[in-house]
Amino acid sequence: MNRVPAATLRHEIEVKRSRFIATVARAGSRSEAEQVIASVRAEFADATHNAFAYIAGMPGNTADVACSDDGEVVGTAGRPLLNLLQHSELAEVVVVVSRYYGGTLLGSGGLVRAYSQALKDALALLPTLALVASCSAEISFAFALEASVRRELARIGANVLSQHYGERVNLQIQLPITHRDEFRAVLDSLSKGQAIWRDLQA
């Protein structure tokens with residue numbers, strides 16, 4: 001099962017007086033990843049380099065993947081970071097490694113090892129959560145059932161995305177796909193078959 005960062009983590013190592021500060025965070029989209037990168041770059045604006053890599057979607061997804069050496073020798077920072085992320089089985093993850101040059105040249109091999117070590121150490125400390133697949137649906141039911149339905153939604157960890165009240169209660173919900181059939185059966189039972197269910201595209 002894929003996992004995602006449960007929190008933003010920062011870890012620093014020192015290699016021949018150069019400081020490498022790894023920031024690892026969750027990013028569910030390209031825009032979220034770019035926001036994290038911009039924030040770290042602003043925080044460490046005086047760093048010599050702010051190399052980054054991210055996988056904004058699932059591992060194996062090539063559409064929402066990017067990396068940058070940010071001025072380091074080509075292929076010594078961004079690509080090694082991305083390779084590590086791709087082999088970590090993490091999803092929705094972004095890393096920025098901020099380097100402060102310490103006065104000693106590390107060479108291409110030394111840079112690859114230093115950037116990689118900074119991320120490896122950070123990943124070893126990173127708290128993660130299991131990524132639970134979800135689905136969305138629109139449901140409609142009688143007013144008298146609202147308290148019971150909302151109680152069931154809370155029990156299975158579902159989210160109410162939107163609500164509309166007309167002759168009936170209409171909710172758009174997002175729920176763990178593993179609970180879809182169970183909840184649908186409960187809704188059918190509560191409403192004696194009168195509830196309406198419509199699957200929505202993810």
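Two strands count as paired if DSSP finds at least two bridges between them. On that basis, Phe 20 has Arg 99 in strand 6 as its bridge partner. The model is predicted. Its chain averages a pLDDT of 93, and 98% of the residues score at least 70. One open sheet has five strands; another open sheet has four.

**Confidence by element**

- Strand 6 has the highest mean pLDDT among the elements of the chain, at 98.
- The lowest mean, 89, belongs to strand 7 (residues 128–130).

**The five-stranded sheet**

- The strand order is 2-3-6-4-5, and the pairing is antiparallel.
- Strand 2 (9–15) and strand 5 (65–68) stand at the edges. Each has a single partner strand, so one side of each lacks a neighbour in the sheet.
- Neighbouring strands are turned by 15° against each other on average, direction ignored.
- Strand 3 (residues 18–26) pairs with strand 6 (residues 93–100) over eight bridges, in the antiparallel sense.
- Strand 6 also pairs with strand 4, again antiparallel, over seven bridges.
- Strand 4 and strand 5 run antiparallel and are joined by four bridges.

**Strand 4 in detail**

- Seven of the seven residues of strand 4 are buried, so the strand is largely enclosed by the rest of the structure.
- His 49, Ala 51, Ala 53 and Ile 55 point one way from the strand. Asn 50, Phe 52 and Tyr 54 point the other way. All are buried.
- Phe 52 stands opposite Val 96 in strand 6.
- Ile 55 stands opposite Val 65 in strand 5.

**Helices on the five-stranded sheet**

- Helix 1 (residues 30–43) packs on this sheet. It touches strand 2, strand 3, strand 4 (49–55), strand 5 and strand 6.
- The direction of helix 1 makes about 160° with that of strand 4.
- Helix 3 packs on the sheet too, touching strand 2, strand 3, strand 4 and strand 6.
- The direction of helix 3 makes about 145° with that of strand 2.

**Helix 2 against helix 3**

- Helix 2 (residues 78–86) and helix 3 (residues 107–125) pack at an angle of about 35°. Their axes are 9 Å apart.
- The crossing of helix 2 past helix 3 is right-handed.
- Helix 2 contributes Pro 80, Leu 81, Leu 84 and Leu 85 to the contact. These meet Val 112, Tyr 115, Ser 116, Leu 119 and Lys 120 in helix 3.
- By class, this contact has seven nonpolar residues, one polar and one charged.

**The four-stranded sheet**

- The strands lie in the order 9-10-8-11, with antiparallel pairing.
- Strand 9 (159–165) and strand 11 (196–200) are the edge strands, and each pairs on one side only.
- From one strand to the next, the twist averages 20°.
- Strand 8 (residues 134–141) and strand 10 (residues 169–176) run antiparallel and are joined by eight bridges.
- Within strand 10, Leu 171 stands opposite Ile 139.

**Helices on the four-stranded sheet**

- Helix 4 (residues 146–155) lies across strand 8, strand 9 and strand 10. Helix 4 runs at about 165° to strand 9.
- Helix 5 (residues 180–190) lies across strand 8, strand 10 and strand 11. Helix 5 runs at about 160° to strand 11.

Notes. Residues are numbered from 1 along each chain as its sequence is written. This is a predicted model: local features need pLDDT of at least 70, side-chain atom pairs count only at pLDDT 80 or more; totals for chains, interfaces and linings use all residues. Side-chain values use heavy atoms; hydrogens and water are left out. Axes are lines fitted to C-alpha atoms, for helices over the stretch in contact, and angles run from 0 to 180 degrees between N-to-C directions. Helices (H or I, at least four residues) and strands (E, at least two) are DSSP runs, numbered from the N terminus. A crossing is left-handed if the near helix is turned anticlockwise from the far one by less than a right angle, and right-handed if clockwise. Contact means heavy atoms within 4.5 Å. Ala, Val, Leu, Ile, Met, Phe, Trp, Tyr, Cys and Pro count as nonpolar, Asp, Glu, Lys and Arg as charged, and the others, Gly among them, as polar. pLDDT is the predictor's confidence in each residue, from 0 to 100. Buried means under 20% relative accessible area, exposed over 50%, partly exposed in between (1.4 Å probe, protein chains only).
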